[in-house]
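Welcome to this short tour of a protein chain. Please have a look at the sequence and the model first, and then we can walk through some of its parts together.

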Amino acid sequence: MNPQTTTHHSLAGLRTTLRRLAHRAGLPVELRYRLALSAVKVAARELDAGRPVILEAVPQEPAGGEPRLTVRLRLPYARRRPSLDGLPLPAEPMPGAAAVWRVPAPALPAAQPVRKEPPGLVELLEEELGEAVRRMDALAEDHQRLKHELAETNSGVLALYVQLEERDEQLRQAHGRILRQLEDALRPPPVRVPGLEMAVHYEPAEKHAPTGGDLYDWFLLPDGTVHITVVDALGHGLTSTRSALNVTHAVRTLALEGHPLQSIVARTDEVLATFDHELMATVQLARLDPSNGDLVLANGSHPPALLVREDGTTRLLEVRGRGIGFPLPGSERLLRDRLEPGDLLVLYTDGLTESRRDPREGEQRLASAARRHRHRPIEQIPGAIAEDMHTVILHPDDTVALTVRRVEAPPGASGD
């Protein structure tokens, strides 16, 4: 192809010339219309203003390289350099108002017949349109394939997610079973003895760690009396659980060995101080004789027990003393009282009454709740009291609510 220079006064003429030029040079259809679109975009401002542009096409065959077609577009009357940004086919800037495109121009095969008449504009446009349609079809196929692959991937991810959810549920169930077994080991069932009904409610401060420092223990002594221990060890979680267990085990051992009730708090501190130097715990000890309702209390810094008479009158049973790990630990005295049939004794930890930061107000609310629920079945009373007390919780804490009610024992009945 010989060098060709043409002057153009319209966009239509420039488009037609470029398309035929690119066709004769053997440019692929996509490259052809990109070249035409780019040149028209550069020349549009000049031609719209009525100023002509000059198109130069120069074939080049570099030594050892593929043939190239160099297309220069000059704007001789332009008042400023044209913008070459965002062109479909990037152009190289030239001195003055001009742009140049250098594109590969493969030669036509020798066996291909050469047309005598150049193709018409409509034919060229139809060829470009056909190429655009083929590209769109190819893109649609790629899009459909990607959608199918994505659907398969999503299906696999969903299946994996379902498997993980099932595994998580299995782990949660196993974890729950272990925790329930641990709770059962830490919290013994009520003592079954004629003349007394007993029940307990435990609520941890942290739902995911239901083994806090509030524990209890109850058992039957050789003389037939029932011993009850309520402990509140400092802290939360497993560390406080270990401390509380140390206290309940030491108290049980001392009680079964026959140590006087008033001395057990102090003796427990002596026993545990040798291997648990950081232990601090409040403790309340109760002894109940099922045969006559005689009650004896010892205390180490623990909240007072609540006695609810069958007629609804209430009284706090306060005993001064200092807890395990406190200076001068021990119960200063013993408090003695008697439960008549229908009377209810409530032992608890401070998480029940200090949920609103005012222990005295909490004690008043506790008396009202216990009075309100005293005639319910014994297994319902501790939970009902706790529910009333925890309607508003400003700072959650481990909670134990333990209730004992004296009832008339059948004649000739004996303990388990």
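Let us begin with helix H5: the elements that cover its buried residues include S8, helix H4 (237-256), S9, S10, S13 and S14. Contact here means heavy atoms within 4.5 Å. Helices (H or I, at least four residues) and strands (E, at least two) are DSSP runs, numbered from the N terminus. A residue is called buried under 20% relative accessible area, exposed over 50%, and partly exposed in between (1.4 Å probe, protein chains only).

A word on the model itself: it is predicted, local features need pLDDT of at least 70, side-chain atom pairs count only at pLDDT 80 or more, and totals for chains, interfaces and linings use all residues. Residues are numbered from 1 along each chain as its sequence is written, and side-chain values use heavy atoms, with hydrogens and water left out.

**Two helices**

Which residues of H5 are buried? They are Leu261, Ile264, Val265, Thr268, Asp269 and Leu272. An α-helix has 3.6 residues a turn, so residues three or four places apart point the same way. The length of a helix can be checked too, since its expected span is 1.5 Å times one less than its number of residues. The table sets this out for H5 and H2.

| Helix | Residues | Expected span | Distance between end C-alpha atoms |
|---|---|---|---|
| H5 | 261-273 (13 residues) | 18 Å | 19 Å |
| H2 | 29-48 (20 residues) | 28 Å | 27 Å |

For H5 the two values agree, and for H2 they agree as well. H2 nevertheless has a bend of about 40° at valine 42, the bend being the angle between axes fitted to the seven residues ending there and the seven starting there. Because 14 of its 20 residues are buried, H2 is largely enclosed by the rest of the structure. Just after H2 comes glycine 50, with a positive phi of about 85°.

**The whole chain**

Stepping back, the chain has seven helices and 17 strands. It is 416 residues long, and 43% of them count as buried. Of the contacts between residues at least 6 apart in sequence, 67% join residues at least 24 apart.

**Strand S8 and a pocket**

Strand S8 (residues 226-233) contains threonine 229. Is threonine 229 buried or exposed? Its relative accessibility is 0%, so threonine 229 counts as buried. Leaving aside residues up to four places away in sequence, threonine 229 touches Leu215, Tyr216, Asp217, Thr248, Val251, Val283, Gln284 and Leu285. The side chain of threonine 229 also makes a polar contact of 2.8 Å with that of histidine 227. A polar contact is a pair of N or O atoms within 3.5 Å; within protein, one must be able to donate a hydrogen and the other to accept it, and residues adjacent in sequence count only if both atoms are side-chain atoms.

The second largest pocket holds about 300 Å³ of space. Its lining has 22 residues, and Asp232, Thr282, Asp350, Glu354 and Asp397 lie nearest its centre. S8, strand S9 (281-288) and helix H6 (359-373) are the elements that each give two or more residues to this lining. On a 1 Å grid over the protein atoms alone, a pocket is an open set of points with protein on both sides within 12 Å along at least five of seven lines, a cavity is a set where a 1.4 Å probe fits but cannot get out, and lining residues have an atom within 4 Å of a point. Grid points are joined across faces, edges and corners, and a volume is the space filled by probe spheres set on the points.

**Two residues of H6**

Arginine 360 lies in helix H6 and is partly exposed, at 49% relative accessible area. Leu316 and Glu318 are touched by arginine 360, not counting residues up to four places away in sequence. Histidine 373 also lies in H6, but is buried, at 9%. With the same exclusion, histidine 373 touches Ile381, Ala384, Ile385 and Asp388.

**A cavity and two loops**

The structure holds one cavity of 30 Å³ or more. Its lining consists of Gln4, Thr5, Thr6, Thr17, Leu21, Leu55, Glu56 and Ala57.

Finally, serine 301 sits in the loop between strand S10 (294-300) and strand S11 (305-308); its phi is near 65°, a positive value in a residue other than glycine. Leucine 328, in the loop between strand S13 (321-322) and strand S14 (330-331), has a positive phi near 50° and is exposed at 68%.
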